[in-house]
Amino acid sequence: MALTENEPTNSVELQLARDTLGPFIDAPTAQLFLPQARQIPQAAWEIIRNVLENNPQAREDVACLTKLLAEESQAALDLNMADLGANDTAEPSGFSLKPAERLPLTEKCHHYAGQHEVPWDIQKYFSQRYSIFSYYDDGVYMTDDAWFGVTPEPVANQIAYELSEDHYDPKKTTLIDAFGGAGGNTIAFALSERWERIISIERDADTLACAQHNAELYGVDPDAITWILGDSFDYVDKLVNSPETLHPDLRVDLQTTMVFASPPWGGPGYRTDEVFDLSTMQPYSLNQLHEAYKKMDHLLFLPRTSDIRQIAKLAPGGQKLEVIQYCVEGASKAMGAYIPGEVSPASEE
Ligand SMILES: C[S@@+](CC[C@H](N)C(=O)[O-])C[C@H]1O[C@@H](n2cnc3c(N)ncnc32)[C@H](O)[C@@H]1O
């Protein structure tokens, strides 16, 4: 058991915590309660155990645990995490979304060193690992799912270049990467040093841990990226409609912000159709993406066969849109569609 130096001296209370939490006493969030074990009754330990047992994320994520405890019972509300010193950088509580902490790599995060370790369905991607991440051998980590969606480094660099101040509206100073994944694009954006703020959102904690690790590996300034563990549609909706519910660090000016979105690709005919119907794209259709981001300029990173007639319909006020094919070694990998936002000054002229 990995207790901290704050371990309560009274072993009776500690034993109570140990007996009730069982194996979950080793969870990083459970450890935060131990210094205050004297004030925590058995009933509260039981609630904590119940929440930790049923919610793996709550074992790592203080905000998640706090929320679930509050939902679990009124008694749990008395376990004020800030009073417990659970989060030294404690923000005012009650915000629906806040910046993610640095998450630990988990058993779902892998650095495969050789082909023999790689699951069969990832072998093809593994053989392209250096064009995905040129620093792969330095210790890049990915979840198995992340291999299928990560943007190859040359493409990520090209996109970052297109969005540089010389090539894109320099008044845009904040970039939201709505689907952060293992960090392919987020890292390239950060290394371009063009953005005052980068907000990168990923809903899967294991994948976010890989992205944070990979950003460090690539030498990205830790302050350059604000990470969010959560649903990017939820975040953008709150940003547009109820920014006061967001942690102050997550509130940004829509006029000076743009969104980059590389959603998962799927849906009927996505691999086979000559022209892919973006209204059937899964899990998020073109319209769903556009509806979410339409107040801001957005660059959508889409399948290479995407139907550009559907994209053209998104142009506000009959403007022309720019659409780009991103190629690696002569073969197109993806299509990028630049859509101006409704509130951007450019679209009002
Ligand atoms: C195609 S990958 C993005 C790859 C990323 N650009 C990179 O280079 O690593 C899509 C990612 O979006 C995440 N995701 C899917 N739906 C999401 C949502 N609603 N909010 C935040 N992340 C989401 C998935 O877990 C997945 O990691």
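This report covers the overall fold, the ligand shell and one helix pair of a predicted model.

**Overall fold**

The chain has 349 residues, and 38% of them are buried. Its secondary structure comprises 15 helices and 7 strands. Contacts often span long stretches of sequence: of those between residues at least 6 apart, 68% join residues at least 24 apart.

**Ligand shell**

The ligand is surrounded by 21 residues. Gly-149, Thr-151, Phe-179, Gly-181 and Gly-184 come nearest to it. By class, the shell holds 8 nonpolar, 9 polar and 4 charged residues. Four elements each supply at least two residues of this shell, as tabulated here.

| Element | Residue range | Shell residues supplied |
|---|---|---|
| α8 | 146-149 | at least two |
| α10 | 184-191 | at least two |
| β2 | 197-202 | at least two |
| α12 | 232-241 | at least two |

**The α9–α10 pair**

Helix α10 also packs against a neighbour. Helix α9 spans residues 153-162, and its axis comes within 8 Å of the α10 axis. The two axes cross at roughly 45°. The helices are therefore oblique to each other. Their crossing is right-handed.

On the α9 side, the contact uses Glu-153, Ala-156, Asn-157, Ile-159 and Ala-160. On the α10 side, Gly-184, Asn-185, Ala-188 and Phe-189 meet them. The residues of this contact divide into 5 nonpolar, 3 polar and 1 charged.

Gly-184 appears in both settings. It is among the residues that come nearest to the ligand, and Gly-184 also belongs to the α10 side of the contact with α9.

Definitions and conventions
Residues are numbered from 1 along each chain as its sequence is written. This is a predicted model: local features need pLDDT of at least 70, side-chain atom pairs count only at pLDDT 80 or more; totals for chains, interfaces and linings use all residues. A residue is near a molecule or strand if its C-beta atom, placed from the backbone, lies within 6 Å of it. Ala, Val, Leu, Ile, Met, Phe, Trp, Tyr, Cys and Pro count as nonpolar, Asp, Glu, Lys and Arg as charged, and the others, Gly among them, as polar. Axes are lines fitted to C-alpha atoms, for helices over the stretch in contact, and angles run from 0 to 180 degrees between N-to-C directions. Angles under 35 degrees count as roughly parallel, over 145 as roughly antiparallel, 65 to 115 as roughly perpendicular and the rest as oblique. A crossing is left-handed if the near helix is turned anticlockwise from the far one by less than a right angle, and right-handed if clockwise. Two residues are in contact if their C-beta atoms, placed from the backbone, lie within 7 Å. A residue is buried if 20 or more other C-beta atoms lie within 10 Å of its own, exposed if 12 or fewer, and partly exposed in between; C-beta atoms are placed from the backbone.
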